[in-house]
Amino acid sequence: MIQKVSDNKTYFMLGLMFIWVVTTVVLRGRVNAQETEIIDRIVAVVNSDIITLYDLNRALKPYQENIKALGYETEKERETLFQVRKDLLDQLIDSKLADQEIERAQITVSESDIDETIERLKEVRSITDEQLREGLARQGLTMAEYRKEMREQILRTKLVNREVKSKIVVTKEDIKAYYDSHQDAYAGEKKYYLYNIFVRLSPEADTSEKEDALRQIENAMARLDQGIAFEDLVNQLKDSSSRAQGTDLGLYRAEELSEQLQGAVEKLSAGEYTEVLNTDFGPQIIYVQKIQETPAKSLDEVESEISEILYNELVDNKYQDWLNDLRNRSLIKIIS
């Protein structure tokens, strides 16, 4: 349950905590006056815990710097920072709730757990202990602070395992249903490696230009019919004064081509070329150098892959459901 609380409606408990936090002040002397600047205050209460402005600003700082670097207009920058600040406060609230559940469930992490996790991380990234410390220093972190962050991550992973992952089951029926509904991903794929020879025409080309372009492309077709390899002719045209030019287009699925080219290409086998095609681009000849076919994958082949996809989706969904339920059972007050 989340409540917004204005400063003049705080409860007695909130007032006591507020006083405790804001007694940290900076007194600055001026010539004719003494000013008091509040450098911290409570921005949210999560059951018996608080989140301070310092906590929120610390989380916001890297995002703030990145947003400023984007060069947004003042209003756009303000709106973006406001939304990021709101999202970060929600994340801090979720973290507090998770920490409270960790404490309630008496979940613990040993120093050896942290050591093992850090060693695995160094191994995966192929870095030494010295390189790790140098990287942390560049981020303004000490090893002690890093170990603290690592402890929190491990604790929250154990919490998710306990509250969410241990209750997830992916059945054979789930996997089959996913496979059947994603046949486009498992039915195999056919790609054509294409070259073309063309004469580019502008939309404003007159009859004479069109006739000349057609003669040029028909000359190229005659040379192809005489037996010159399509790739060789493309290379020769690069160094010629002919308006006809050639291009190595690369790999395409048929559906990536225009409707006219798709229909022509699908009729060809590897090593064949089309008749002269009159396209919006100008007259051209398309050549299929080779065809790459990826065979369809059976359910047995992709069962473990699909199981992992479904498992991760369920973890995300179930975790959010669990978190929403936890929020509804908690007293959360956001202080504006």
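**Glutamine 100**

I started with glutamine 100 and found this residue in helix 3, which covers residues 74-104, in what is a predicted model. I looked up its accessibility next: the relative value is 15%, and because buried means under 20%, glutamine 100 counts as buried. Setting aside neighbours within four places in sequence, I listed the contacts of glutamine 100 as Val46, Asn47, Ser48 and Asp49.

**Helix 3 as a whole**

I then checked the span of helix 3, which has 31 residues and reaches 45 Å from its first C-alpha to its last, close to the 45 Å expected at 1.5 Å a residue. Just after helix 3 I noted that glutamine 106 takes a positive phi of about 55°.

**Helix 6 and its partners**

I made the same kind of entry for helix 6, residues 143-163, where 21 residues reach 30 Å from first to last C-alpha, close to the 30 Å expected at 1.5 Å a residue. Which residues of helix 6 are buried? I wrote down Met143, Tyr146, Met150, Ile154, Leu155, Leu159, Val160 and Glu163. As a reminder to myself, an α-helix has 3.6 residues a turn, so residues three or four places apart point the same way. I traced what the buried residues of helix 6 pack against, and the list is helix 3, helix 4 (111-125), helix 5 (129-138) and helix 12 (299-328).

**Isoleucine 114**

To see the helix 4 side, I picked isoleucine 114, which has its place in that helix. Isoleucine 114 has a relative accessible area of 1% and is therefore buried, the cut-off being under 20%. Not counting residues up to four places away in sequence, isoleucine 114 touches Val109, Arg147, Met150, Arg151 and Ile154. For one of these contacts I also looked up the distance: isoleucine 114 and arginine 147 are 33 residues apart in sequence, and their C-alpha atoms are 6.9 Å apart in space.

**Histidine 182**

I moved on to histidine 182, which lies in the loop between helix 7 (172-181) and helix 8 (183-186). Is histidine 182 buried or exposed? I entered it as partly exposed, since its relative accessible area is 28%, which falls between the limits of 20% for buried and 50% for exposed. The side chain of histidine 182 reaches the backbone oxygen of tyrosine 178 at 2.8 Å, and a polar contact of 3.0 Å joins the side chains of histidine 182 and serine 181.

**The four-stranded sheet**

I followed an open sheet of four strands, in the order 7-6-9-8 and with antiparallel pairing. Its edge strands are strand 7 (245-253) and strand 8 (277-279), each of which pairs on one side only. The twist from one strand to the next averages 35°. Looking at strand 8, I found three bridges that join it to strand 9 (residues 282-294), with the two running antiparallel, and I saw leucine 277 standing opposite glutamine 284 in strand 9.

I also recorded the helices that cross these strands. Helix 9 (residues 207-225) lies across strand 6 (189-198), strand 8 and strand 9, at about 45° to strand 9, while helix 10 (residues 230-238) lies across strand 6, strand 7 and strand 9, at about 40° to strand 6.

**Whole chain**

Last, I noted the totals, beginning with 12 helices and 10 strands in the protein chain. Buried residues make up 32% of its 336 residues. Among contacts with a separation of 6 or more, 71% are between residues 24 or more positions apart. The accessible surface of the protein chain comes to about 21800 Å², with 48% of it belonging to carbon and sulfur atoms.

Notes: Residues are numbered from 1 along each chain as its sequence is written. This is a predicted model: local features need pLDDT of at least 70, side-chain atom pairs count only at pLDDT 80 or more; totals for chains, interfaces and linings use all residues. Side-chain values use heavy atoms; hydrogens and water are left out. Buried means under 20% relative accessible area, exposed over 50%, partly exposed in between (1.4 Å probe, protein chains only). Contact means heavy atoms within 4.5 Å. A polar contact is a pair of N or O atoms within 3.5 Å; within protein, one must be able to donate a hydrogen and the other to accept it, and residues adjacent in sequence count only if both atoms are side-chain atoms. The expected span of a helix is 1.5 Å times one less than its number of residues. Accessible areas come from the Shrake-Rupley method with a 1.4 Å probe; for residues, only the protein chains shown count as cover. Two strands pair if DSSP finds at least two bridges between them. Axes are lines fitted to C-alpha atoms, for helices over the stretch in contact, and angles run from 0 to 180 degrees between N-to-C directions.
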